[in-house]
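User: Please examine the aromatic contacts of the structure shown below and explain the reasoning behind each assignment.

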Amino acid sequence: MANIVSSGQNESRPRGKFITLEGIDGAGKTTHLQWFCDRLSERAALQAARVIVTFEPGGTPLGETLREILLRQEMHSETEALLMFAARREHIATLIEPALTRGDWVLSDRFTDATFAYQGGGLGLSIDKLRVLEQWVQGELQPDCTVLFDLPIDAAHTRRSRARIPDKFESQSDDFFTRTRAEYLRRTAQAPERFAIINAVGPISTVREQLEAILLTL
Ligand code: TYD
C-alpha cells in the first residue's frame, strides 16, 4: 500500500506534482527509491506539500490483489495489459488523482510507460491498442516528470541474477529486455520534456548525483 512520508498542511495548495520511476528489471530503481523519496520530500516541503509513495501494479487493495495475479500467473498478453490498466484505473481514481487535487505530490514506482515498454515492447502488443487504453484510463493525466533508469541489457542481467527468486517478468529473456528497453527509449524521444534519463551503470554515488540534478528541476 502507498504510504505518506512527510507532511505539511495547507488547504489552498496548488495541484501536486506527479513523478514516476521507470526502467527495466535490474536497473536499480528499487535501490534508489527510499533515498530519492526522502530528498523529494524535502523538496516538496519547500512548497508545503507532502509526498505519497506508491507503485504499480498495486497501490490500492484491489491493485495489490491484481499484482499477485499479474506477477505469478501466465495469461494472454492482452489480458495482462487489460489487468495492468484495470489496476491503474483504480489507482488513479482512489489514490493518485485525489492526492494531486489535494496538493500532495505522488511518487509512483512505475506507471503507464511500463505497460508500453513491457507489454508493448517486450511482448509485442499493439501500441495503438495500448494508446486506446491509456486514453480511456488516464484522459489527460500524465506524469510531470518520469525518471528512467537506463543501462545496457548485460549489466541489468548481471544484477538480476544476483537478486532473489525472479518473478514472471524478471525471468524473461535478454531479447525481451532489449525490446523493453528500446520501447522505453523510444518513448523518451517522443516526450523529451517529460523524461529525465539516468545512466544507471555507475556506482550509487554517481546515480545519486544525477538524481540530485533532477530534483533541482522539480
Ligand atoms: P516492480 O514492482 O518494479 O518490480 P520489483 O518486484 O522488482 O519491485 O514491477 C513488477 C513487474 O511488473 C516488473 O517486472 C515490470 C512489470 N510491469 C509490467 O510488465 N507492466 C506494467 O504496466 C507495470 C506497471 C509493471
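**Aromatic pairs**

Analyst: A search of the whole structure, which is a predicted model, finds six aromatic pairs.

User: Which geometry does the pair of F18 and F111 have?

Analyst: The ring centres of F18 and F111 lie 4.9 Å apart, and the planes meet at 80 degrees. An angle over 60 degrees counts as edge-to-face. The geometry of F18 and F111 is therefore edge-to-face.

User: How many residues separate F18 and F111 along the chain?

Analyst: F18 belongs to strand 2 (residues 18-23). F111 lies in the loop between strand 4 (105-109) and helix 4 (112-122). The pair thus links distant parts of the chain, and the separation is 93 residues.

User: Is F18 buried or exposed?

Analyst: A residue counts as buried under 20% relative accessible area. The relative accessibility of F18 is 0%, so F18 is classed as buried.

User: What is the geometry of the pair formed by Y118 and Y184?

Analyst: The ring centres of Y118 and Y184 are 6.5 Å apart. Because their planes stand at 85 degrees, the pair is edge-to-face.

User: Which helices hold Y118 and Y184?

Analyst: The two residues are 66 apart and link distant parts of the chain. Y118 is in helix 4, and Y184 is in helix 7 (residues 174-190).

User: Which residue lies over the face of F177?

Analyst: F177 belongs to a cluster linked by ring pairs, together with Y118, F169, F176 and Y184. At 4.0 Å from the ring centre of F177, the residue over its face is R160.

Technical notes: Residues are numbered from 1 along each chain as its sequence is written. This is a predicted model: local features need pLDDT of at least 70, side-chain atom pairs count only at pLDDT 80 or more; totals for chains, interfaces and linings use all residues. Side-chain values use heavy atoms; hydrogens and water are left out. Rings of Phe, Tyr and Trp (its six-membered ring) pair if their centres lie within 6.5 Å; planes under 30 degrees apart count as stacked, over 60 as edge-to-face and the rest as tilted. Helices (H or I, at least four residues) and strands (E, at least two) are DSSP runs, numbered from the N terminus. Buried means under 20% relative accessible area, exposed over 50%, partly exposed in between (1.4 Å probe, protein chains only). A charge sits over a ring if NZ of Lys or CZ of Arg is within 6 Å of the ring centre and within 35 degrees of the ring normal.
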